[in-house]
Amino acid sequence: MRRTLFEPEHVDFRESVQRFVAEEVVPHQEDWEREGIVSRDVFARAAEKGMLAMQVPEPYGGVGIDDFRFNQIVNEELSVAGAGGSGLGITLHNDICLPYFTELGNQEQRERWLPGIADGSLITAVAMTEPEMGSDLAGLRTSAVRDGDGYLVNGSKTFITNGINSDLVITAVKTDPSQRHGGISLLILERGMDGFERGRNLEKVGQHAQDTAELFFHDVRVPPENLLGEEGAGFRYMTGNLAQERLSIALSAVAAARGALQVTLEYVKQRNAFGQPIGSFQNSRFALAEMATEIELATAFCDQAVLALNRRELSAQDAAMAKWWATELQGRVADRCVQLHGGYGYMLEYPIARAYVDARVTRIYGGTTEIMKEIIGRSLGV
Ligand SMILES: Cc1cc2nc3c(=O)[nH]c(=O)nc-3n(C[C@H](O)[C@H](O)[C@H](O)COP(=O)(O)OP(=O)(O)OC[C@H]3O[C@@H](n4cnc5c(N)ncnc54)[C@H](O)[C@@H]3O)c2cc1C
């Protein structure tokens with residue numbers, strides 16, 4: 001179905017993103033998967049092509065485009081090409097971390113960090129999850145105790161995307177342990193601060209090219225200039241940004257499902273059994289028809305959500321609907337497409353196998369499917 005949300009400049013931009021993904025990402029994917037991390041250079045190369053941190057205003061070295069459709073295009077093109085694992089660091093930087101700096105950063109912080117965020121020399125991450133706490137964000141324990149003007153930070157985080165590559169980590173800390181939501185603040189921890197250590201690059205089921213790490217903080221002295229926004233307002237800031245984060249994950253999920261369907265369609269047209277292409281069995285045709293339909297439905301919903309986000313109207317519950325439904329769809333599609341590939345679908349040299357293992361986590365990170373349903377359920381007054 002023709003998508004009506006894009007203007008000619010988006011169509012041109014999509015073509016250049018497609019070239020970037022084909023030339024600068026896909027050829028390196030296998031190396032990055034083996035190494036468990038993408039090269040830092042890919043951020044700088046994305047910046048050169050105008051695909052990194054597009055919202056950074058021009059005076060700070062960015063292109064100053066406040067239109068999420070451009071983020072959507074970068075996100076979709078990485079995922080539809082089966083490079084969502086390699087591209088996750090870029091989409092996290094663009095869609096999830098950047099708003100914390102542009103919306104909460106004061107003048108001095110913007111001058112200090114935005115130019116590096118825009119040119120890819122400062123890679124960002126956001127650290128909320130801890131070994132003892134994920135879904136229940138208000139229960140986080142990493143402490144930031146007042147120390148002179150600044151803070152002394154102790155604790156640890158886990159499962160942090162860009163955990164190894166990151167230079168600036170938006171870190172959720174407890175500045176007032178007597179409170180739950182109201183006791184949380186956001187501090188920027190910087191590469192090289194004394195007492196800030198990276199743990200292992202974690203071995204995951206999928207998304208092997210993405211560095212996901214533990215972070216440890218032992219008496220890290222953080223100056224007051226690294227507090228984002230107001231002390232005690234961190235929970236409000238995080239929940240405010242989560243709608244965009246969840247929509248970003250939904251967009252990747254739908255595009256990854258579309259990519260999985262595309263490679264499967266090619267496969268079932270050329271593979272024969274019982275004297276006919278396997279795609280022509282009625283069971284295969286029905287499975288493909290169902291997946292194509294569901295992908296179109298999800299695309300229509302997500303496109304509306306992008307326009308709502310641009311109008312600053314995307315609600316937490318609508319973003320939660322997009323996230324849970326799109327990621328569950330991605331999982332269903334990847335699984336069915338493996339089945340249509342038969343044994344080859346289980347071989348990692350086939351793109352569908354990578355799509356399958358990469359898909360599993362999207363129902364978990366950014367808030368699990370169950371938490372999404374809690375948000376939607378509460379919005380219904382139950
Ligand atoms: C690859 C990867 C990358 C990640 N990247 C980041 C990152 O960059 N930054 C970051 O901060 N975090 C990151 N995470 C963490 C991720 O957001 C959490 O794993 C997720 O929010 C779930 O938290 P948890 O793992 O502690 O699970 P838990 O909260 O322990 O949940 C376990 C199970 O209990 C269910 N459950 C919990 N509470 C409820 C409830 N109220 N009702 C019903 N069911 C419930 C959950 O749905 C889940 O099924 C990442 C995780 C992974 C795996």
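Student: In this predicted model, which residue's backbone oxygen lies 3.1 Å from a polar side-chain atom of asparagine 94?

Tutor: Start with the setting. Asparagine 94 sits in helix H5. The cut-off for a polar contact is 3.5 Å between N or O atoms. A polar atom of the asparagine 94 side chain meets a backbone oxygen at 3.1 Å, and that oxygen belongs to methionine 51.

Student: Is asparagine 94 buried or exposed?

Tutor: Buried means under 20% relative accessible area. Asparagine 94 has 2%, so the residue counts as buried.

Student: Why is H5 described as largely enclosed by the rest of the structure?

Tutor: Count its residues by burial. H5 runs over residues 84–104 and has 21 residues. It is largely enclosed because the buried ones number 19 of the 21.

Student: Where in H5 does a kink lie?

Tutor: Look at the end-to-end span, then the bend. From first to last C-alpha, H5 reaches 28 Å, close to the 30 Å expected. There is still a kink of about 45°. It comes shortly before proline 99, at cysteine 97.

Student: What distance separates the end C-alpha atoms of H9?

Tutor: Begin with the expectation. H9 has 26 residues, and at 1.5 Å a residue these should span 38 Å. The model agrees with that, since the end C-alpha atoms are apart by 37 Å.

Student: Which residue follows H9, and what is the sign of its phi?

Tutor: H9 covers 316–341. The residue after it is glycine 342, with phi near 60°, and the sign is positive.

Student: Which loop holds arginine 312, and is the residue buried or exposed?

Tutor: Arginine 312 lies between helix H8 (282–310) and helix H9. Its phi is near 60°, a positive value in a residue other than glycine. The threshold for exposed is over 50%. With a relative accessible area of 61%, arginine 312 in the H8–H9 loop is exposed.

Student: What is the relative accessibility of glutamine 207?

Tutor: Glutamine 207 also has positive phi, near 45°, without being a glycine. Its loop joins strand S6 (196–201) and strand S7 (212–222). Glutamine 207 counts as buried, because its relative accessibility is 7%.

Student: What separation do the C-alpha atoms of alanine 46 and arginine 69 have?

Tutor: Alanine 46 is part of helix H3. It counts as buried, at 0% relative accessibility. Arginine 69 is 23 residues away along the chain, and the two C-alpha atoms are separated by 17 Å.

Student: Now the ligand. Which residues come nearest?

Tutor: The ligand has 18 residues around it. They divide into ten nonpolar, six polar and two charged. The ones that come nearest are Thr129, Ser135, Phe159, Thr368 and Glu370.

Student: Which element supplies the largest share of the shell around the ligand?

Tutor: Three elements each supply at least two residues: strand S1 (124–127), strand S3 (150–161) and helix H11 (369–379). The largest share is three residues, and it comes from S3.

Student: How much of the ligand's accessible area does the protein cover?

Tutor: Take the polar pairs before the area. Polar side-chain atoms of serine 135 and glutamate 370 each lie 2.6 Å from an oxygen atom of the ligand. A polar backbone atom of valine 126 is 2.9 Å from a ligand nitrogen. On its own the ligand has 970 Å² of accessible area, and the covered part is 64%.

Methods:
Residues numbered from 1 in each chain as written. Predicted model: local features only at pLDDT ≥ 70, side-chain atom pairs only at ≥ 80, totals over all residues. Heavy atoms only, no water. Near = heavy atom within 4 Å. Polar contact = N/O pair within 3.5 Å; in protein donor to acceptor, adjacent residues only side chain to side chain. Areas by Shrake-Rupley, 256 points an atom, 1.4 Å probe, with all protein chains shown as cover. Helix = DSSP H or I, 4+ residues; strand = E, 2+ residues; numbered from the N terminus. Nonpolar A, V, L, I, M, F, W, Y, C, P; charged D, E, K, R; others polar. Expected span 1.5 Å × (residues − 1). Bend = angle between axes of the 7 residues up to and from the residue. Buried < 20%, exposed > 50% of the residue type's maximum accessible area, 1.4 Å probe, protein only.
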